[in-house]
Amino acid sequence: MNQDTICALATANGVGAIGIIRISGEDAVSITNKIFEGKDLEAVKTHTVHYGFIKDNDEVIDEVMVSVFYAPRTFTAENSVEISFHGSPHIAKRILEALINNGARMAKAGEFTMRAFMNGRIDLSQAESIADLIASENEAARKMALNQLKGGISQEISILRNDLLNFTSLIELELDFSEEDVEFADRSALNQLLQNLKTKLQSLIDSFQYGNAMKNGIDVAIIGKPNAGKSTLLNALLKEERAIVSDIAGTTRDTIEEVLHIKGTAFRFIDTAGIRETVDKIEEIGVKKAKEKISTAKILLYLYDEFDSTAEEVISFIKEIYREDLKVILLHNKIDKLVDREEPTLNSFDAQLKAELVPYYTDTIMGISARDNINIELLKAELANYVEELKTEENAVVITNQRHYEALQKSFNSVQKVEEAVSMGIQTELLAYELRTALEHLGEISGEFTNDEVLGNIFSKFCIGK
């Protein structure tokens, strides 16, 4: 694969002021030189920019600037060229055709980044962080992706692997001298190492919930009986008339989803159909969808109105949908109807709920008025606080990638098995096997242990040109 010279459009498809085409490979400079009218690109210094024209045979295609980069100080660690042209899709097509006619080929999705990985310029976790950086939609996601690109995870994993590797080497040495019945690896020191490894691995594993929330956002389902004020709440949160509001129960038949950024975190609010028994086929589908959204949400905003609900109804529903990983915020809506009730304090109705629902939710009951915008900012603060509670140590490495999370869990399980084997005095062969397994799982993150199927799956998600 690395013998070919590849080319692709590096900027977004469509019309723009400027477009950029990237070329990478041993013949990148010589192929570009064949279609460039200006300086002899094969005679210029690396990391220089040159003005001229791109020609297809004798026809001038465009006036361009060409940047020349010689290996190994390039993104792919190969000879590379970037052609900056006037951002017409037709011009881009003509330039790519000219490059292909002179010996290049079109790059596959993610092939530039894959070459950077294969040539040892970056490891696999850094390659994945490039995709995350491109896809980042908020400041927190950008910072975490950039930290990973700079090697934050790689450094942490490298430290863990080195510690494991040192003991694995000693255990392997014991196997070579098994007939001598000697121990090169101090078992008490190994126990201490295993404890440290488990602590560090668990810390990384625990950070995934926060990292995933920052990277992908948090699903928040707005649930309640018909006419509880769900659509009014969505409009109040967004500060715009996004959902239809009516006094007629059952107005919302489908789910409505909108994203709101609160303190840098993307919250995906899902307004659902009112939960009730119904003979209306369309509304029944809406109720089914609402229940599906509950099953995938991380936060549930349950609205109730004490003039239209009983405490028993609320309690029964919360117990029915309870999950350990679901944060439930009970919202006593329409407090504008209550005398002296503009503070988020509990009244007797709420107090009954709190007493009955203690271990089913996280102790959050709030009085609001979605219509009059009472305590909506307080609700946003509660949502932001949920994210803060997910944080581990300040400035610690945060896991955002599902593949890394699974590899860390597998490594943790292997370390536990080593610990059990040591405590039971099990023979060296099993220790060596489990230590090697833990090392391999850690190596999966950086790409030291991987296979073509995994690589193909990772890089196929990149855009062509990256």
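# Group meeting: core, sheets and loops of a predicted model

Let me start with the core. The largest nonpolar core has 34 residues, and those that touch the most other members are L233, F267, F269, I299, L301 and L331. A nonpolar core here is a set of buried Ala, Val, Leu, Ile, Met, Phe, Trp, Tyr and Cys residues joined through side-chain atoms within 4.5 Å. Buried is under 20% relative accessible area, exposed is over 50%, and partly exposed is in between, with a 1.4 Å probe and protein chains only.

Two or more residues of this core come from each of α7 (187-216), β8, α8 (230-238), β9, β10, β11 (299-304), β12 and α12 (376-390). Helices (H or I, at least four residues) and strands (E, at least two) are DSSP runs, numbered from the N terminus. Helix α12 gives the largest share, seven residues. Where does this core lie with respect to domain 2 and domain 3? Domain 2 (130-211 + 398-461) and domain 3 (218-390) both contribute residues, so the core lies between them. The domain bounds come from an automatic or database domain assignment. As general background, nonpolar side chains in soluble globular proteins tend to be buried together.

A word on the model. It is predicted, so local features need pLDDT of at least 70 and side-chain atom pairs count only at pLDDT 80 or more, while totals for chains, interfaces and linings use all residues. Residues are numbered from 1 along each chain as its sequence is written, and side-chain values use heavy atoms, with hydrogens and water left out.

Next, strand β10, residues 265-271. Six of its seven residues are buried, and the strand is described as mostly covered. On pairing, two strands pair if DSSP finds at least two bridges between them. Strand β8 (residues 218-224) runs parallel to β10, with five bridges. Strand β9 (residues 256-262) is antiparallel to β10, with seven bridges. Which residue of β10 is the bridge partner of I218? That partner is F267. F267 is also the β10 bridge partner of L260. F267 also appears in the list of core residues with the most contacts to other members. The hairpin of β9 and β10 has two residues between the strands, and K263 in this hairpin takes a positive phi near 50°.

Now the other sheet I want to show. Seven strands form an open sheet with mixed pairing, in the order β3-β4-β5-β6-β2-β1-β7. At the edges are β3 (36-37) and β7 (105-106), each with a single partner strand, so one side of each has no neighbour in the sheet. For β7, two bridges join it in parallel to strand β1 (residues 6-9). One pair of bridge partners is I6 and R105, the latter in β7. S24 is found in strand β2 (residues 18-24), and S24 is buried at a relative accessible area of 1%. S24 and S80 are 56 residues apart in sequence, but their C-alpha atoms are 4.4 Å apart.

A second long-range pair involves helix α6 (residues 152-176), which holds I153. I153 is buried, at 2% relative accessibility. The C-alpha atoms of I153 and I445 are separated by 8.8 Å, with the two positions 292 residues apart along the chain.

On to backbone details. The peptide bond from A71 to P72 is cis, with omega near 5°, and P72 sits in the loop between β5 (59-69) and β6 (80-86). Two residues that are not glycines have a positive phi: N57 at about 60° and K334 at about 65°. Is each of these loop residues buried or exposed? N57, in the loop between β4 (48-56) and β5, is exposed at 71% relative accessible area. K334, in the loop between β12 (327-332) and α11 (348-357), counts as buried at 18% relative accessibility.

Last, the cavity search. Over the whole structure there is one cavity of 30 Å³ or more. On a 1 Å grid over the protein atoms alone, a cavity is a set of points where a 1.4 Å probe fits but cannot get out, and lining residues have an atom within 4 Å of a point. Grid points are joined across faces, edges and corners, and a volume is the space filled by probe spheres set on the points. The largest cavity holds about 40 Å³. Its lining is K225, P226, N227, A228, L303, Y304, D305, D308 and S309.

Definitions and conventions
On a 1 Å grid over the protein atoms alone, a cavity is a set of points where a 1.4 Å probe fits but cannot get out, and a pocket is an open set with protein on both sides within 12 Å along at least five of seven lines; lining residues have an atom within 4 Å of a point.
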